[in-house]
Amino acid sequence: MPKKVLIVEDYEDSRVLMKFLLESLGCEVSEAEDGAEAFDKFKQIHPDLILMDISLPTVDGLTATKVIRQCEDGGSDVPIIAVTAFGKSCYEEAIEAGCNDLIGKPIDFDAFEPLVQNYLST
């Protein structure tokens with residue numbers, strides 16, 4: 001059974017790239033364009049991993065992460081990786097919001113696969 005990954009990203013090019021990489025790993029991918037949509041998708045599909053952009057329209061990624069973490073239906077268990085162009089300067093804020101890890105944009109292919117595989121294998 002393929003692992004389900006939710007990509008929360010407002011830029012289509014970034015979503016397409018991450019989706020391609022994840023599908024090449026055999027993942028089933030769903031997408032959301034903002035934090036509000038992310039929460040709805042989370043409740044629908046119960047993903048095994050969430051890739052959450054921090055800077056999103058409507059509801060930002062850190063707020064969406066906090067809301068998902070409060071969800072009784074697996075919200076505290078699902079790994080959430082913050083995705084940001086702001087680099088490691090957002091790391092502590094992302095962790096405090098409930099993210100498990102952080103990866104920078106543009107996506108580093110060499111770092112992306114092992115990070116994702118690590119969280120999907122647990």
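A residue counts as buried under 20% relative accessible area, as exposed over 50%, and as partly exposed in between. With that scale in hand, glutamate 33, at 42% relative accessibility, counts as partly exposed. We will come back to this residue once the fold around it is in view; keep in mind that what you see above is a predicted model.

Let us start with the sheet. It is open, has five strands with parallel pairing, and follows the order β2-β1-β3-β4-β5. The edge strands, β2 and β5, each pair on one side only. On average, neighbouring strands here are turned by 20° against each other, with direction ignored.

Now pick out strand β1, residues 4-8. On one side, five bridges join β1 to the parallel strand β2, residues 28-32, and valine 5 stands opposite valine 29 of β2. Four bridges join β1 to strand β3, residues 49-53, which also runs parallel to β1; here leucine 6 stands opposite isoleucine 50. Four of the five residues of β1 are buried, so this strand is largely enclosed by the rest of the structure. To travel from β1 to β2, follow the chain through helix α1, residues 12-24: together the three elements make a right-handed β-α-β unit. Another helix worth finding is α3, which lies across β3 and β4 and runs at about 150° to β3.

What about charged side chains? Side chains of opposite charge can pair when their charged atoms come close. A search of the whole structure finds six salt bridges. In one of them, glutamate 31 pairs with arginine 15, with the closest N and O atoms 2.9 Å apart. Since glutamate 31 lies in strand β2 and arginine 15 in helix α1, the pair ties together parts that are 16 residues apart in sequence. Arginine 15 counts as buried because its relative accessibility is 8%, while glutamate 31, at 25%, counts as partly exposed.

Here glutamate 33 returns: arginine 15 forms a salt bridge with glutamate 33 too, the closest N and O atoms being 3.6 Å apart. This pair links distant parts of the chain, with arginine 15 in helix α1 and glutamate 33 in the loop between β2 and α2, 18 residues apart.

Elsewhere, the side chains of aspartate 53 and lysine 105 meet in a salt bridge, at 3.4 Å from N to O. Aspartate 53 belongs to strand β3 and lysine 105 to the loop between β5 and α5, so these distant parts of the chain, 52 residues apart, are linked. Aspartate 53 is buried, with a relative accessible area of 2%. Salt bridges that share partners also join Arg15, Lys19, Glu23, Glu31 and Glu33 into one network.

Finally, turn to the nonpolar interior. In soluble globular proteins, nonpolar side chains tend to be buried together. The largest nonpolar core in this model has 22 residues, and those with the most contacts inside it are Val8, Ile50, Met52, Ile54, Ile68, Ile80 and Ala94. Two or more residues of this core come from each of β1, α2, β3, α3, β4 and α4. Isoleucine 68 makes a good place to look: leaving aside residues up to four places away in sequence, its contacts include Phe39, Phe42, Ile50, Met52 and Ile80. Apart from the largest core lies another, of 18 residues, among them Met18, Ile103, Ile107 and Val116.

Terms used. Residues are numbered from 1 along each chain as its sequence is written. This is a predicted model: local features need pLDDT of at least 70, side-chain atom pairs count only at pLDDT 80 or more; totals for chains, interfaces and linings use all residues. Side-chain values use heavy atoms; hydrogens and water are left out. Buried means under 20% relative accessible area, exposed over 50%, partly exposed in between (1.4 Å probe, protein chains only). Two strands pair if DSSP finds at least two bridges between them. A crossover is right-handed if, with the strands pointing away from the viewer, the path from the first strand over the helix to the second runs clockwise. A salt bridge is a side-chain nitrogen of Lys or Arg within 4 Å of a carboxyl oxygen of Asp or Glu. A nonpolar core is a set of buried Ala, Val, Leu, Ile, Met, Phe, Trp, Tyr and Cys residues joined through side-chain atoms within 4.5 Å. Contact means heavy atoms within 4.5 Å. Axes are lines fitted to C-alpha atoms, for helices over the stretch in contact, and angles run from 0 to 180 degrees between N-to-C directions.
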